Amino acid sequence: MRFDLTDMRLFLSVVESGSLTQGARAMHLALASASERIAGMEDVLGAPLLERNRRGVRTTAAGDALVRHARSILGQVEQMRGDLRTYATGLKGRVRLLSNTSANAIFLPPQLCASLAAHPDLSIDLEERRSVDIVQSLLDRRADLGVVADSADLGTLQMHLIASDQLVVVVGAAHRLARQADVAFADVLGEPIVGMADTALESYLGERASRLGRQLDYRIRLRSVENVAMYVEAGIGISILSDVVAKTLQRAVVILPLAEAWGARRLYLCARDFSALTAHANLLAQHLLRAAGR
């Protein structure tokens, strides 16, 4: 089956316009040439792709399938062009790095800043994701490096320990939990929550709550850690944060460890195969490992 990019672009143009004539015009092709290309695709496939009628054309079941694949293939081609275009503008290496909430909040920012400053030819696509999603992305080769918590099954990934992390409960000084040595997650579930919006940690805690047949009672979700602390200090609710993040707060709040064993986490720098990394991905990995003292 040999469809070239022009064939696929023409087919999508015809489908989107609903007209072979309009599709051909959009592709700057003669109607006869466009018709011949579509017929050739149908001959190769052995099934009709379009149904012709007075109002124009519409896709068959085979045509619908081709639409999905053509859009996916052309999207990947555009992504490839975008990646390769960076070489023409002096950005010689682009690394896709995924991180969980804790590492993205404290550990990574100064290290990535230093690495980018030292290497002008390096570019980094950084995205915050849940640890379990990061693992899958690395296994599927959709990312170069990932920083994950050991709460996720790391499977066959290669890993290096770079930091430790403890989840803590942050409460106001007058809160009834403030005098405890630690806080059980079940007690957290009975309290109104001030959460961090759109974070991997939010998703992770939601999963833990669902295992108990419960859900977190969010009164509000905020994007700033300092704002979270302000609301907790005011008695709006309590929060769960990474210990390293909580220690930066400048508010009258009490920080208590989460009692569950899963609250103590280790953070790993992971890759599918460190020896197979691109030169720039390896450079970034080595910088992060040195910063962690590894």
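This dialogue explains how to read helix packing, strand pairing and salt bridges in a predicted model.

Colleague: How should one describe the way in which two packed helices are arranged?

Modeller: In general, two packed helices are described by the angle between their axes and by the distance between those axes. Here, helix α1 (residues 5-17) and helix α3 (residues 31-45) have axes that come within 10 Å and cross at roughly 105 degrees.

Colleague: Are α1 and α3 roughly parallel or roughly perpendicular to each other?

Modeller: Angles of 65 to 115 degrees count as roughly perpendicular, and α1 and α3 are therefore roughly perpendicular to each other. On the α1 side, the contact is made by T6, D7, L10 and F11; on the α3 side, A34, R37, I38 and M41 take part. Sorted by class, this contact has five nonpolar, one polar and two charged residues.

Colleague: In which sense do strands β1 and β2 pair?

Modeller: As a general idea, the side chains of a regular strand alternate between the two faces of the sheet. In this structure, strand β1 (residues 50-53) and strand β2 (residues 56-59) pair in the antiparallel sense, over four bridges. R52, for instance, has V57 in β2 as its bridge partner. The two strands β1 and β2 form a hairpin, with two residues between them.

Colleague: How many salt bridges does the count give?

Modeller: Side chains of opposite charge can pair when their charged atoms come close. The count for this model comes to 17 salt bridges. One of them joins the side chains of R96 and E127, at 2.6 Å from N to O. R96 lies in strand β3 (residues 93-99) and E127 in strand β4 (residues 122-128), so this pair ties together parts that are 31 residues apart in sequence. R96 is partly exposed, with a relative accessible area of 24%, and E127 also counts as partly exposed, at 31%.

Colleague: Which residue forms a salt bridge with D150?

Modeller: The partner of D150 is R266, with the closest N and O atoms 3.2 Å apart. This pair links distant parts of the chain, 116 residues apart: D150 is in the loop between β5 (145-149) and β6 (158-172), while R266 is in strand β11 (residues 264-271). D150 is partly exposed, at a relative accessible area of 28%; R266 is partly exposed as well, at 41%.

Colleague: Which residues are joined into one network by salt bridges that share partners?

Modeller: D4, D7 and R37 are joined in this way. D7 and R37 also appear in the contact of α1 with α3.

Note on methods
Residues numbered from 1 in each chain as written. Predicted model: local features only at pLDDT ≥ 70, side-chain atom pairs only at ≥ 80, totals over all residues. Heavy atoms only, no water. Axes fitted to C-alpha atoms, helices over the stretch in contact; angles between N-to-C directions. Parallel < 35°, antiparallel > 145°, perpendicular 65-115°, else oblique. Contact = heavy atoms within 4.5 Å. Nonpolar A, V, L, I, M, F, W, Y, C, P; charged D, E, K, R; others polar. Pairing = 2+ DSSP bridges. Salt bridge = Lys/Arg side-chain N within 4 Å of Asp/Glu carboxyl O. Buried < 20%, exposed > 50% of the residue type's maximum accessible area, 1.4 Å probe, protein only.
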